[in-house]
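Biologist: I've got a new model open and I'd like to learn how to read it feature by feature. Can you walk me through it?

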Amino acid sequence: MRTIHGFCSCFGSKTAVKRILVFLLACCTAAMLFACRQPTNTSFSNPASSAVSEQSGTQSSEQSGDAPEESGQDGSDTVCNFTQWDYFEALTYHGDAADVDYLFHEPMRASETPSPLIIFLHGLGDTVNEQQHGLTHPLVTALVALENSSKKYGAYTLVPGTPTAEEGWWTGQQLAAFIDLIRDTIQNYNIDPKRVYIAGISMGGMTACEIVNEMPPETFAAVVTISGVTMIRDPISLKNTAFHINHAAPDRTVSVESSRELHQLLTNAGHPKTIYTEYPIGDHISPLYEVFSGSDNPFYEWLFTQRLP
């Protein structure tokens, strides 16, 4: 009692002591709640498999993960419970021409039926080594939600990157190595060869067009460009490939004229599967969100129905 009385006398009254104790208890509770809210998994691991198939170039996995329990055991259409943080596995492709760092996703039901392959190419200034790259991208956000909701949207996803943010990769050895990576991925996984889609923004859109020029005409079922293109050399041979071209008219980084010219080229060649969207307002990046945001976006229904004969 003397101790308590002495403690109270230091702070003036028992009421003051009670207030201090209540304050300290509230601080402890807040600290515990904050700790519970911290993320516990920030890896790139792919929960769908514990190993990747070998390709003709070799791959080295930076991280690996265990497979989660699969939903829908009762026959429902729900297939998995991915998040943006466990959707990808970080890999390196060691090709003859160069090495390529990339993020890769294998769909949960990959062994059951051939699945499409979606390739996305970033723009100048990004690298695949930045942890945030790809993970909060509107395309990835939508693909995660789509695959979690329905098995028909499960797709292999390949997101390559340049070694540095300042380095382009639509020419030279980097491009050659990436084309080899695409070929090897199609050959070594259970991918539907008639449903390979390639998309890119800015430099990535230009690179997508260059890859289309370099590979056989019956490689891609769809090409999606955002704020950047290069001219297609032989549009007539690509009559079975759908083009989805997007650009904002006020773009000050890459002129909209290049996308207009590609659209005109395809139109003049009588290309039957071209969609061209020019946004009257916006900037260099804004069409990315217009095209990819939202799992209920009609774009994804369009994309997943594209198929080569």
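Modeller: Sure, and one definition to start: a contact means heavy atoms within 4.5 Å. Keep in mind that this is a predicted model.

Biologist: Then how far should I trust it? What does the pLDDT average over the protein chain?

Modeller: The average is 76, and 66% of the residues score at least 70. Watch residues 1-12, where pLDDT stays under 50 and the model has 7 contacts beyond four places in sequence. Residues 29-80 are also below 50, and that stretch has 107 contacts beyond near neighbours in sequence.

Biologist: Okay. How many helices and strands does the protein chain have?

Modeller: There are 8 helices and 9 strands. Of the 309 residues in the protein chain, 50% are buried. And if you take contacts with a separation of 6 or more, 74% of them join residues 24 or more positions apart.

Biologist: Let's zoom in on helix 4. What should the 17 residues of this helix span?

Modeller: Helix 4 runs over residues 172-188, and at 1.5 Å a residue it should span 24 Å; the end C-alpha atoms are 25 Å apart, so the two agree.

Biologist: And which residues of helix 4 are buried?

Modeller: The buried ones are Gln174, Leu175, Ala177, Phe178, Ile179, Leu181, Ile182, Asp184, Thr185 and Ile186. To see what covers them, use that contact idea: the cover includes strand 2 (89-94), strand 3 (99-105), strand 4 (115-121), strand 5 (156-161), strand 6 (191-201) and helix 5 (203-214).

Biologist: Helix 5 turns up in that cover. Is helix 5 itself largely enclosed or open, and why?

Modeller: Largely enclosed by the rest of the structure, because 11 of its 12 residues are buried. Among them are Met203, Thr207, Glu210 and Asn213. Their cover includes strand 4, helix 4, strand 6, strand 7 (222-226) and helix 6 (257-268). As for length, helix 5 reaches 16 Å from its first C-alpha to its last, close to the 16 Å expected.

Biologist: How about a single residue? Is His244 buried or exposed?

Modeller: The cut-off you need is that buried means under 20% relative accessible area. His244 has 10% relative accessibility, so it counts as buried. You'll find His244 in strand 8 (residues 242-248). Leaving aside neighbours within four places in sequence, His244 is in contact with Val223, Val224, Thr225, Ile275, Phe299 and Trp302.

Biologist: Now for empty space. How do I find it?

Modeller: Rolling a probe the size of a water molecule over the atoms shows where empty space is left. Here, a search of the whole structure finds 1 cavity of 30 Å³ or more, with a volume of about 40 Å³.

Biologist: Which residues line the largest cavity?

Modeller: Ile118, Leu139, Tyr197, Ile198, Ala199, Val224, Phe292, Phe299 and Leu303. That lining is 9 nonpolar residues, with no polar and no charged ones. Strand 6 gives the most, with 3 residues, and helix 8 (298-304) also supplies at least two.

Biologist: And the pockets? What volume does the second largest pocket have?

Modeller: About 200 Å³. It is lined by 14 residues, and the closest to its centre are Thr113, Ser115, Lys151, Lys152 and Gly154. The lining of this pocket divides into 5 nonpolar, 3 polar and 6 charged residues.

Technical notes:
Residues are numbered from 1 along each chain as its sequence is written. This is a predicted model: local features need pLDDT of at least 70, side-chain atom pairs count only at pLDDT 80 or more; totals for chains, interfaces and linings use all residues. Side-chain values use heavy atoms; hydrogens and water are left out. On a 1 Å grid over the protein atoms alone, a cavity is a set of points where a 1.4 Å probe fits but cannot get out, and a pocket is an open set with protein on both sides within 12 Å along at least five of seven lines; lining residues have an atom within 4 Å of a point. Grid points are joined across faces, edges and corners, and a volume is the space filled by probe spheres set on the points. Ala, Val, Leu, Ile, Met, Phe, Trp, Tyr, Cys and Pro count as nonpolar, Asp, Glu, Lys and Arg as charged, and the others, Gly among them, as polar. Helices (H or I, at least four residues) and strands (E, at least two) are DSSP runs, numbered from the N terminus. The expected span of a helix is 1.5 Å times one less than its number of residues. Buried means under 20% relative accessible area, exposed over 50%, partly exposed in between (1.4 Å probe, protein chains only). pLDDT is the predictor's confidence in each residue, from 0 to 100.
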